[in-house]
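Hi,

As promised, here is the structure for you to load up. My notes on what turned up in it follow below.

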Amino acid sequence: MHIYIVGGRVRDEIIGTSPKDTDYVVTGTTEEEMLENGYKKVGKSFPVFIDTKTNEEYALARKDIKTGKGHRDFEFIFTPDITLEEDSIRRDFTCNALYKDTITGEVIDYHNGIEDIKNKVLRHISPHFVEDPLRVLRMCRFSAELNFSVAKETMDLCKKMVGEGALSNLSKDRVWQEFEKALKSPYFYNFIKRARECGLLEQLLPEVDKLWSVPERTDYHPEGNSGEHTMLALKATQSCDSIVNFAVLMHDIGKTATNPDNWPSHKGHNELGINVLNAIVKRLNIPSKYKSFAAFSIQNHMIYHKRLKENQEELAKIAYMLSTRYNKQYQSRFIRVLASDMQGRAKLDFTKEKEEFSKFDKYFTQIIKAIENKKLSSLPNFEERLRKSANKKETKVKLLDEYIKNIVKENPYNE
């Protein structure tokens with residue numbers, strides 16, 4: 001019986017980042033011996049054991065035999081004579097097939113994974129890669145998490161898998177799990193880049209893929225189309241906040257629903273984007289926390305592109321919504337989305353734009369603080385006017401308009 005650390009922890013130690021968790025593989029043993037040594041069995045399809053003292057997982061070395069088209073359609077062989085090298089063949093990428101001897105500390109590398117880590121390349125291990133359709137998504141996800149490129153032969157294999165419909169055998173929940181993990185990376189744009197390259201984006205998020213077909217005004221967007229703009233915005237975000245990254249990905253999605261005859265004008269895309277977002281959320285079972293903030297960002301992100309002097313009341317209404325309907329995180333997240341949108345252009349120097357944005361941010365923060373310090377109910381005779389109203393809904397709208405005007409009057413924007 002011999003125990004090795006395997007996979008992500010060994011990889012992350014070589015890269016120099018903090019490992020998230022530790023997985024172990026055990027050779028030369030049986031289920032019975034593991035139980036006799038105090039481990040608790042938890043795996044159903046194949047033996048996985050928990051060390052009851054540390055709560056860490058230990059899996060027996062195994063070989064996988066494909067039995068169907070699905071992600072879980074495998075037969076497992078985990079006899080004591082399975083070698084470490086045989087176990088490595090079933091793994092996805094060379095960087096994830098590294099083993100560290102828990103006694104000597106030696107790192108065992110059968111597939112030149114260390115070299116690929118040094119070169120920041122994702123490379124599949126064997127032809128068995130195609131047996132698990134989830135690996136296409138994992139390729140995109142690891143490219144984002146590790147900021148790795150993808151070997152040509154691996155990308156070619158992923159293209160083939162997508163073309164043959166392998167992804168149709170994955171559940172919505174499993175797809176979303178991989179997508180959400182990628183959303184938590186500051187290099188999330190790599191997920192979109194790789195997904196588009198292998199054809200996955202067209203199947204997974206056809207609305208996003210269509211952005212590359214929507215032209216932009218080249219005097220404002222030298223990158224030429226909405227897809228490249230979105231990618232540049234994601235690069236500018238550099239956030240580990242998955243909710244922000246999703247909102248940036250979605251912020252211009254409504255441009256795909258505008259009239260092509262009017263392109264490169266996309267008038268009304270902020271309103272049209274809500275229906276497109278709803279379709280995406282429904283199809284992928286995306287949680288409401290993502291939908292809610294993305295919808296807010298889609299509807300309101302154009303405020304930064306308007307002349308602030310003439311649109312102070314609109315900005316104050318947005319600030320009011322942020323202050324009264326949503327949690328505090330929405331404020332900083334919304335500013336992050338606007339900043340990413342501003343920088344999502346093929347320019348080298350954003351000095352002027354950043355100066356203007358700083359003024360916008362400062363005034364926006366001022367308005368929010370003013371709203372927090374002076375409630376709607378502070379209006380003269382607020383309760384009485386509401387009580388005497390025959391149409392309370394209409395009266396609330398009028399009171400809010402009056403309140404917003406007062407906030408702006410007391411906090412004018414000075415250019």
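Let me start with a hairpin: β8 and β9 form it, and five residues lie between the two strands. In the turn sits G105, whose phi is positive, at about 80 degrees. Please keep in mind throughout that this is a predicted model. The two arms of the hairpin run antiparallel and are joined by three bridges. If you want a spot to look at, L98 stands opposite D109 in β9.

On its other side, β8 (residues 98-101) runs antiparallel to β1, again with three bridges. There the bridge partner of V6 is Y99 in β8. Strand β1 (residues 2-6) also pairs with β2 (residues 23-27), in the antiparallel sense and over five bridges. One pair to click on here is Y4, with V25 as its bridge partner in β2.

Where do these strands belong? They are part of an open sheet of seven strands with mixed pairing, in the order β3-β4-β5-β2-β1-β8-β9. The edges are formed by β3 (39-41) and β9 (107-109), each of which pairs on one side only. On average, neighbouring strands in this sheet are turned by 35 degrees against each other, with direction ignored. As a general reminder for when you look at the side chains, those of a regular strand alternate between the two faces of the sheet.

Now for the chain as a whole. Its secondary structure comprises 19 helices and eleven strands. The C-alpha atoms fill a box of roughly 80 × 50 × 40 Å along the principal axes, which may be handy when you set up your own box. Of the 415 residues in the chain, 50% are buried.

How much of the contact set links residues 24 or more positions apart? Such pairs account for 66% of the contacts in the chain with a separation of 6 or more.

The accessible surface comes to about 20,600 Å², and carbon and sulfur atoms contribute 47% of that. As for charges, there are 66 positive and 62 negative side chains. The centres of these two sets lie 8 Å apart.

That is what I have for now. Happy to talk any of it through whenever suits you.

Best wishes

Notes:
Residues are numbered from 1 along each chain as its sequence is written. This is a predicted model: local features need pLDDT of at least 70, side-chain atom pairs count only at pLDDT 80 or more; totals for chains, interfaces and linings use all residues. Side-chain values use heavy atoms; hydrogens and water are left out. Helices (H or I, at least four residues) and strands (E, at least two) are DSSP runs, numbered from the N terminus. Buried means under 20% relative accessible area, exposed over 50%, partly exposed in between (1.4 Å probe, protein chains only). Contact means heavy atoms within 4.5 Å. Accessible areas come from the Shrake-Rupley method with a 1.4 Å probe; for residues, only the protein chains shown count as cover. Lys and Arg count as positive and Asp and Glu as negative; His and the chain ends are not counted. The place of a charge is taken as NZ of Lys, CZ of Arg, CG of Asp or CD of Glu. Two strands pair if DSSP finds at least two bridges between them. Axes are lines fitted to C-alpha atoms, for helices over the stretch in contact, and angles run from 0 to 180 degrees between N-to-C directions.
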